[in-house]
Amino acid sequence: MAEITLGAAPDREQQADLIARYEQERPARRLSGRVGLLATTVAVLVSVYALVAVFRPQPVLQYRITFLAAVLPLTFLAYRGRSRRRATEARTGARDTPDVVDWVLALLSVAVLVYPLVTFDEWVQRQTDPTALDVAAGLVLLALVLEATRRTVGPVLPVICLVFLAYGWLGGLIPASWDVGHRGYDVPRLIGSLYIGTDGFFGVPLDVAATYIVLFTVYGAVLDHSGAGKFFVELSLAAFRRSRTAPGRTVTLAGFLLGTVSGSGVATTVSLGSVAWPILRRAGYPKDQAGGVLAAGGIGAILSPPTLGAAAFLIAELLGVSYLKVLLFATVPTILYYVGVLLAIEIDARRFGAREAGYEALPFGRLLLRFGYHFSSLALIVALMAVGRSPFQAVVIATLVAFALSFLDPAHRMTPRRTVSALAQGTLGVLPVTATTAAAGVIVAVVTLTGLGLKASGVIVDLAGHNLALTAVFAALAVLLLGLAVPVTASFIIAAVIIAPAFLATGATQVEAYMFVFYYAVLSEVSPPTALSAVAAAAITGGNAFRTMLMAWRYTLPAFLVPFAFVLTPNGEALLGERPFGQVVLATVVAILAVAALAVVTGGWMFAPAGPVERLLAAGAAVLLLWLEPLPAGLGLALLAAAAAVNLVRRARGVAVARPVAEAATPGWVEALGRRRGLAAALACLAVLGACAVGVAQGSGTTRLSVATGQTTGVYYVYGGRLAQVITENLAGVEATAEATGASVDNIKLVARSDTYLGFTLADTAATAVQGTGKFTEPQPIRALAYLYDNYTQVAVKGGSGIRRLADLRGKRVSLGAPNSGTEVTARRLLQAAGLDPDKDVRGQRLGLNESVQAMKDGTVDAMFWSGGLPTGGIKDLTSADRDVRLLDTTDVLDELRAKYGPVYREVLIPAATYGLPGDVRTVGVPNYLVVNERMNDELAYQLTKLLFDHKADLVRGHPEARKLDPAKAPATEPVPLHPGSLRYYRERGTAS
């Protein structure tokens, strides 16, 4: 390992050492020889695969499995199993190469991930009933993912995963009077949730790594290799060369620009430090303040458009919005962040008497004219997304443009060697994030299987007394504590499924909740006691690590307070761009004044050193201004003006400028703190998760029910989650939990296995279940409680495609829905009824809803099928983005469907207003039923049926589809017989005979 002298600017090799030591999500082993060639080859192929998949969409689940099958083995080759091995090898001269254990783990990774691809159609149907081989393979993959995570980000996240698994397994032992108790799940059921389907290892977190992150990492690598990073730093130096605050401003601007290349707080901090620390030192910056400036500039990279950090891509997926929309959410907060940092730098430069620093830089105009083309690809990403292109296509096109423009600079043109290096770096850079997201999938799977997310958010709300302000305080503390132990990406994922729902329960919107969690997850990187960006900065400047953390925290303080305005203030949405433009501008101006007031409070300077009176007045002004309402804002301005007047009087009396701050020697714990997360941090994180187990007593009931729903993005999960809450709150002696499943088929299998399950199902799937056909080898013992609502078959096509009816889909590129989904079943039946063979007559693709919508936008498919409620967010997004999209009338095949499959299909109407269509659209509808086991106690079935209608208003608050509950229509559950208990209820209501 290269030796690093504290206080000296690191060279390129030392930069790599610092990043490897303090970055949580970076590979550390430098492979060479044949192993290096193999790793580079595989990494290049993975990057090419990801780039090609943008224009030739792959089935979502298979793509995620294939990506992990390539990346996980690389992780074991690129990361060493023992953290101290590299230092030993450096002293002995031995090569840092994988050993036998690494190769065995890599081969096992390939085996357990190729297995589901070989038997995919059968494998994907066994989530609730895995075979012994499935369980064995799933257990091996679990061990491999946890080991890969341990190697890349340390032991804390794997330990947390094991705690969650223990909770899922032993939850039945938790007293029924505790909110977080559940029925308990055996190993096969847990492994089925982790290994099969899209709720565990192969869930949304991994998808983000396999799409957004790898593509943007390739783009960043191409920018870096083409000289953009060097240009951004030099341009920043040239922009602020003649001022005593110029060095601090340079760091801030350069951090923003470099963030588009690295996307990492620590990497940006180290890259900045190598250039900026000597300049900051010449300007008279004390070591701790300089380190704070470097860390604040570095962490801003994760908060700032146009690339932001990995968690921002997750927000787009979770909200079901475009990545461009997330960029808009982040625009005003980014402005406020950098205003706060710049003001803090200005104040400190005056407070400790910074001076001008002479340094060589080309003139700003000359640099911009010669190398300004590096900005074009960044602007192109935003422009392409603004005209409707997906972020995937936008970044690939921008990458090609950056590649072509590199030839304008002979010193940095993308030669074959540089091209291979950039492609390899794209995949190698995403290895730790992939391990993190796969491990986070374990947590997400347990949370959704057990309903912990819904229950834990209820505990937070109860502790806060249903007060939004206290909920925000508890949530901020919880996310910061999580961030002490896990990386930003994992922290966000955990908080999004456990903490964000608490905001929704107290009146915040989804956008406000996720953006609040996002900012606090990122800010954990500059929060003591384990702020890695600050520790890396201290290693460069030779400052005191803890004081550097405190300085970074002070510089970034406005970013800690502004998120509270998102969720607490009446006009907080304006800071996220969710109000008319005029309101957004006004709120931004007022918030900037609030940030300026905060800078006075934390910096102790205004026009002269600020005393306690000015700081107290400025603190009151900041709070009132951040309320973003006319009267409080007016009072805030008055207080700020009073603070300014007092300070001017103080200056007139001749208060002296503060002297530079003395510096202490760096304590010996700096390096140890950077290398690993402390035990205290892990315990703090686990305490946050364990606090939910305190719960609120609910009585002495012992009957535990499970509501089998569907995937977490669907109607079933939201509807079922609310139903479970209503059952628990209103049926004495009964506790219910909502389980995420693969939907209809899985739900019926679970119901058939136990009399303590309720399940949502499509009527056509239920019909095959009672007949023992299709996916079922024998009749299933299910009975219905009620008809709930209809699923609407929605076939979207382009207006100019010439497709007028289903038969016109012959030879077209058609998305049939996710593998083995209800949509795919309906799509195949409709095509067959139209005289088409789904396997031969159409160019079918098995894409989920979000992927289908994006493929329609990008023009990679001609039509898409979807079966769901009204309105479906994805379809609404598609019709809003492209007014030429229309929906097909599918009722021309209804008679054929009914003749073959019975009366479960019916004609329904999609009103024109639902999607802004020219007219109403007739289509085929499929009813949804709520079913139970025929052995369920008659009285319990009666009470459950009665509860549906007695508490309809409560269910509607969970999902609008509950409005369609109608006791007159609910008994119509053909061909599934009503349960005797339900039948008794309907007879009492006079709606059944």
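Student: At roughly what angle do the axes of helix 31 and helix 32 cross in this predicted model?
Tutor: Helix 31 covers residues 612-626 and helix 32 covers residues 630-652. Their axes come within 8 Å of each other, and the angle at which they cross is roughly 160°.

Student: Are helix 31 and helix 32 roughly parallel or roughly antiparallel?
Tutor: The axes cross at roughly 160°, and angles over 145 degrees count as roughly antiparallel. The crossing is, in addition, left-handed. Helix 31 is therefore, relative to helix 32, roughly antiparallel.

Student: How many of the residues in the contact of helix 31 with helix 32 are nonpolar?
Tutor: On the side of helix 31 the contact includes V613, L617 and L624, and on the side of helix 32 it includes L635, L639 and V646. Among the other participants are E614 in helix 31 and R650 in helix 32. The residues of this contact comprise three polar ones, two charged ones and, as the nonpolar group, 15.

Student: Which helix gives the largest share of the largest nonpolar core?
Tutor: The largest nonpolar core has 122 residues, and those touching the most other members are L215, F503, M515, F516 and L575. The largest share of this core amounts to 14 residues, and it comes from helix 16 (residues 323-351).

Student: How many residues does the second, separate core have?
Tutor: This second core stands apart from the largest one and includes L731, L758, A767 and A784. Its number of residues is 79.

Student: Is A440 buried or exposed?
Tutor: A440 lies in helix 21, which spans residues 431-450, and its C-alpha atom is separated by 7.5 Å from that of C161, although the two residues are 279 apart along the chain. Residues under 20% relative accessible area count as buried. Because the relative accessible area of A440 is 0%, this residue is buried.

Student: Is S193 buried or exposed?
Tutor: S193 is found in helix 9, which spans residues 187-195. Leaving aside neighbours within four places in sequence, S193 is in contact with Q127, D199, G200, A445 and L449. Because its relative accessibility is 6%, S193 counts as buried.

Student: What percentage of the residues of the protein chain count as buried?
Tutor: The protein chain has 45 helices and ten strands. Among its contacts between residues at least 6 apart in sequence, 78% join residues at least 24 apart. Of the 993 residues of the chain, the part that counts as buried is 60%.

Notes:
Residues are numbered from 1 along each chain as its sequence is written. This is a predicted model: local features need pLDDT of at least 70, side-chain atom pairs count only at pLDDT 80 or more; totals for chains, interfaces and linings use all residues. Side-chain values use heavy atoms; hydrogens and water are left out. Axes are lines fitted to C-alpha atoms, for helices over the stretch in contact, and angles run from 0 to 180 degrees between N-to-C directions. Helices (H or I, at least four residues) and strands (E, at least two) are DSSP runs, numbered from the N terminus. Angles under 35 degrees count as roughly parallel, over 145 as roughly antiparallel, 65 to 115 as roughly perpendicular and the rest as oblique. A crossing is left-handed if the near helix is turned anticlockwise from the far one by less than a right angle, and right-handed if clockwise. Contact means heavy atoms within 4.5 Å. Ala, Val, Leu, Ile, Met, Phe, Trp, Tyr, Cys and Pro count as nonpolar, Asp, Glu, Lys and Arg as charged, and the others, Gly among them, as polar. Buried means under 20% relative accessible area, exposed over 50%, partly exposed in between (1.4 Å probe, protein chains only). A nonpolar core is a set of buried Ala, Val, Leu, Ile, Met, Phe, Trp, Tyr and Cys residues joined through side-chain atoms within 4.5 Å.
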